[in-house]
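Reader: I have a structure in front of me and would like to learn how the words used to describe it are justified. Could we go through some of them together, with the reasons?

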Amino acid sequence: MQLSSVRAVITGGVSGLGLGVARFLVAHGGKVALFDLNDEKGAAAVAELGADNARYFTTNVTDEAGVAANLGAAKAFLGGLNVVMNCAGILGAGRVLGREAAMPLANFQTTVMVNLVGSFNVAKAAAELMQHNEANAAGERGVIINTASVAAYEARSARLPTPPPRAAWSA
Ligand SMILES: NC(=O)c1ccc[n+]([C@@H]2O[C@H](COP(=O)([O-])OP(=O)(O)OC[C@H]3O[C@@H](n4cnc5c(N)ncnc54)[C@H](O)[C@@H]3O)[C@@H](O)[C@H]2O)c1
């Protein structure tokens, strides 16, 4: 797949990794649709990338119907859909048993809903659209990329100090 032919939906696309991917694709001739919850940053990202190259869609990735509807609208703006990049995520790390109490179930559920179920919602709705694409010479109809973390493999010890604030390690 040539970068100039990329028509991509990027979740979490107005910040950090997602915005970085959007900048890279647009710089190489691609078009992007940014799915996020931050309208202010969405407007700033579109202003930077150019309204012909990028459009922002207020989207909560945990909302199955909203994701499907916005993917359809994004495909219409992009003139096709052949790449999805799942970058939307929240930092939900914490101790199962903290100093004061055990972690509330709601904390865990929210993290799973955004980081896991949200990625699934986007992937399945995108695959439903991409299945109708004509296959290229490599047999590809589209590409779906999910973001993970090294934290999936190396759990943080409860004895380690509290990690620095998110702003210190995200772009
Ligand atoms: N930056 C890193 O070094 C790093 C390392 C490992 C893993 N990650 C993971 O990669 C993902 C992106 O990281 P980042 O640094 O770009 O974070 P970030 O906070 O800069 O960007 C995440 C974006 O997701 C959006 N978002 C949050 N909840 C959403 C929802 N329900 N629906 C739609 N959008 C939502 C936020 O508004 C934000 O714009 C996160 O899941 C993060 O945990 C990042």
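Reader: What makes the approach of N38 to E40 at the start of α2 a polar contact?

Author: In this predicted model, a side-chain oxygen of N38 comes to within 3.3 Å of the backbone nitrogen of E40, at the start of α2. A polar contact asks for a pair of N or O atoms within 3.5 Å, so the pair of N38 and E40 meets that limit. Following α2 comes G50, whose phi is positive, near 100°.

Reader: How do you know which residues line one face of helix α2?

Author: The buried residues of α2, which spans residues 39–49, are G42, A45, V46 and L49. Looking down the axis of α2, one finds these buried residues within an arc of 95°, and therefore they line one face of the helix. E40 and A47, on the other side of α2, are exposed, and exposed means over 50% relative accessible area.

Reader: What do the buried residues of α2 pack against?

Author: They pack against α1 (16–27), β2 (31–36) and β3 (54–58).

Reader: Why is the pair of R23 and E48 called a salt bridge?

Author: The closest N and O atoms of R23 and E48 are 2.7 Å apart, and because the cut-off for a salt bridge is 4 Å between a side-chain nitrogen of Lys or Arg and a carboxyl oxygen of Asp or Glu, the pair qualifies as a salt bridge. R23 belongs to helix α1 and E48 to helix α2, so this salt bridge ties together parts that are 25 residues apart in sequence. In general, side chains of opposite charge can pair when their charged atoms come close.

Reader: Why is R23 called partly exposed?

Author: Partly exposed is the range between under 20%, which is buried, and over 50%, which is exposed; R23 has a relative accessibility of 40% and so counts as partly exposed. E48, with a relative accessible area of 45%, is partly exposed as well.

Reader: How many salt bridges does this rule give?

Author: The count comes to 2 salt bridges. Besides the pair of R23 and E48, K124 forms a salt bridge with E64, where the closest N and O atoms are 2.6 Å apart. Since K124 lies in helix α4 (residues 105–130) and E64 in helix α3 (residues 64–78), the pair ties together parts that are 60 residues apart in sequence. K124 is partly exposed at 33% relative accessible area, and E64 is partly exposed at 47%.

Reader: What makes you say that both faces of strand β4 are covered?

Author: On one side of β4 (residues 83–86) lie V83 and M85, on the other V84 and N86, and these are all buried. In a regular strand the side chains alternate between the two faces of the sheet. For β2, likewise, K31, A33 and F35 on one side and V32, L34 and D36 on the other are all buried.

Reader: How do you know that β1 pairs with β2, and in which sense?

Author: Two strands count as paired if there are at least two bridges between them; β1 and β2 have 5 bridges and therefore pair, in the parallel sense. Within this pairing A8 stands opposite V32 in β2. Strand β1 (residues 7–11) is also joined to β4 by 4 bridges, again running parallel, with V9 opposite V84 in β4.

How values were computed:
Residues are numbered from 1 along each chain as its sequence is written. This is a predicted model: local features need pLDDT of at least 70, side-chain atom pairs count only at pLDDT 80 or more; totals for chains, interfaces and linings use all residues. Side-chain values use heavy atoms; hydrogens and water are left out. Buried means under 20% relative accessible area, exposed over 50%, partly exposed in between (1.4 Å probe, protein chains only). Helices (H or I, at least four residues) and strands (E, at least two) are DSSP runs, numbered from the N terminus. The arc is that of the directions from the helix axis to the C-beta atoms. Contact means heavy atoms within 4.5 Å. A polar contact is a pair of N or O atoms within 3.5 Å; within protein, one must be able to donate a hydrogen and the other to accept it, and residues adjacent in sequence count only if both atoms are side-chain atoms.
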